[in-house]
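Okay, everyone, thanks for coming. I'd like to walk you through one model today, so let me put it up on the screen.

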Amino acid sequence: MRDGPRREGSLKVRVIRGRNLAIRDIRSSDPYVTLSWRNKRVKTKVMKKNVNPEWNEDLTLFVQDPSINIKLEVFDKDTFTPDDPMGNAEIDIKPLVEAGRKELGTLMNNDIIRIVSPNLRNYLVGDSKIHIYNGKVVQDMILRLKDVECGEVELRLEWVNNMRDR
């Protein structure tokens, strides 16, 4: 049995929406989001001509070490040229994993377990709440994209411990 931050599990991410994403085509963009951890990568569908897309799409990454951040990138899909970058951010999942390991006891739906505040090391727009949702520990967040003139991405994260790590 292993203990500490090297615990394996699945990170379920609901990519909810983008807000005020950068324009990379003439009047709009065709954005999609990628999430990666080491050499594993998953992506959303492309939203045509939309700088405020609503994906509401679930992505899952198997993570062997939650102390390594998840990389989020937004791209503009192009047909004849490489896709244009529209910003990126990193997701620190350690607070969510730690909260998911705690005994939930009598916590009810929407009870807050922890609040993660914006700081110089994360990309949070505002406070990120880790709470109970339908009996599961989830974290809601809005990330400010870096290396771009504007844009935010809203997410809901859920950590699922690997069954081998009883």
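I'll go through the strands and how they pair, then finish with a helix. Keep in mind that this is a predicted model.

Let's begin with the four-stranded sheet. It's an open one, antiparallel in its pairing, and you read the strands off as β3-β2-β5-β6. So which strands stand at the edges? Those are β3, residues 40-43, and β6, residues 84-91. Each has a single partner strand, so one side of each is left without a neighbour in the sheet. Going from one strand to the next, the twist averages 20°.

Zoom in on the middle of that order for a second. β2, which covers residues 31-37, runs antiparallel to β5, residues 70-76, and six bridges join the two. If you want one pair to click on, take Thr34: its bridge partner in β5 is Glu73.

Now the other sheet. This one is open too, with six strands in antiparallel pairing, and the order goes β4-β1-β10-β9-β8-β7. At its edges you'll find β4 (54-63) and β7 (112-116), each pairing on one side only. Ignoring direction, neighbouring strands here are turned by 20° against each other on average.

Within this sheet, look at β8, residues 128-133, and β9, residues 136-144. They run antiparallel, joined by five bridges. Lys129 is the one to find there, standing opposite Asp140 in β9.

Last thing: what does helix α1 lie across? Residues 94-101 make up α1, and the helix lies across β1, β7, β8, β9 and β10. Against β10, residues 152-161, α1 runs at about 35°.

Technical notes. Residues are numbered from 1 along each chain as its sequence is written. This is a predicted model: local features need pLDDT of at least 70, side-chain atom pairs count only at pLDDT 80 or more; totals for chains, interfaces and linings use all residues. Side-chain values use heavy atoms; hydrogens and water are left out. Two strands pair if DSSP finds at least two bridges between them. Axes are lines fitted to C-alpha atoms, for helices over the stretch in contact, and angles run from 0 to 180 degrees between N-to-C directions. Contact means heavy atoms within 4.5 Å.
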